[in-house]
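Colleague: Could you take me through one part of this model up close? I'd like the middle of the sheet, and how the rest of the chain is arranged around it.

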Amino acid sequence: MFRHLQDIDRRVIYLLLLLALGAPLLLRYSVKPARMASAERLFKVVEETKFGPNDIAFIAMDLGPSTKAENGPQAEVIIEHLMRRRIKFAVFSIYYQSEPFLESIPMGVAERLMKEMVGQVWEYGKDWVNLGYRPGADSLIQGIPKSKNLAELFAE
């Protein structure tokens, strides 16, 4: 049925491919990202949760070099939302390869926000902390809600 497509010159195929990929770039055509219901629910949860002055949000950033492209922007958006609302947070991970991102992602978001909102400051140790990599995956995750003393649970 499509046997005649095999006879098309390879250069024509490459030219069509170049046009299909190059035209949107040259014409600066872009498509708005689709709104996702799950992202909207997360945004709503952060907006509606009442945080006291001594409350903190926990962010498990279990991403590594192979998943940074997808999970890095997700972590950035959540961290930015918390920072804009001035909600204190702690980042940690049960995945050892995420250690560098626990520091770089919040710091990058803070630097970007300080450029955007001149005069406002976000400081490590005051607005967020890095609890680092924590071994024990399942037992740690199960222990967080059961713990009476989180400082003791996350002690080195």
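Modeller: Quick bit of vocabulary: helices (H or I, at least four residues) and strands (E, at least two) are DSSP runs, numbered from the N terminus. Keep in mind that this is a predicted model. On that count the protein has 6 helices and 3 strands, and from the N terminus the elements go α-α-β-α-β-α-β-α-α.

The part to zoom in on is strand E2, residues 89–93. How many of its residues are buried? The count is 5 of 5, so with buried meaning under 20% relative accessible area, E2 is mostly covered. In a regular strand the side chains alternate between the two faces of the sheet. Here Phe89, Val91 and Ser93 sit on one side of E2 and Ala90 and Phe92 on the other, and both faces are covered. For the protein as a whole, buried residues make up 25% of the 156.

Now the neighbours. Strand E1 (residues 57–60) runs parallel to E2, and 4 bridges join the two. E2 also pairs with strand E3 (residues 128–133), again in the parallel sense, over 5 bridges. Phe92 is a handy place to look, since you can follow it both ways: alanine 60 stands opposite phenylalanine 92, and in E3 the bridge partner of phenylalanine 92 is glycine 132.

As for the connections, E1, helix H3 (residues 68–84) and E2 form a β-α-β unit that is right-handed. Going on from E2, the chain passes through helix H4 (residues 99–116) to E3, and that β-α-β crossover is right-handed too.

Just ahead of our strand, the loop between H3 and E2 holds arginine 86. Its phi is near 60°, a positive value in a residue other than glycine. Arginine 86 has 39% relative accessibility and therefore counts as partly exposed. Arginine 28 also has a positive phi, about 55°, without being a glycine; this one is found in the loop between helix H1 (10–26) and helix H2 (37–48). At 75% relative accessibility, arginine 28 counts as exposed, because the cut-off for that is over 50%.

Zooming back out, the radius of gyration is 22 Å, whereas a compact globule of 156 residues would have one near 15 Å. The C-alpha atoms fill a box of roughly 70 × 40 × 30 Å along the principal axes. Of the contacts with a separation of 6 or more, 72% are between residues 24 or more positions apart. The protein exposes about 11900 Å², with carbon and sulfur atoms supplying 60% of that.

Conventions
Residues are numbered from 1 along each chain as its sequence is written. This is a predicted model: local features need pLDDT of at least 70, side-chain atom pairs count only at pLDDT 80 or more; totals for chains, interfaces and linings use all residues. Side-chain values use heavy atoms; hydrogens and water are left out. Buried means under 20% relative accessible area, exposed over 50%, partly exposed in between (1.4 Å probe, protein chains only). Two strands pair if DSSP finds at least two bridges between them. A crossover is right-handed if, with the strands pointing away from the viewer, the path from the first strand over the helix to the second runs clockwise. The radius of gyration is taken over C-alpha atoms; the globule rule is 2.2 Å times the number of residues to the power 0.38. Contact means heavy atoms within 4.5 Å. Accessible areas come from the Shrake-Rupley method with a 1.4 Å probe; for residues, only the protein chains shown count as cover.
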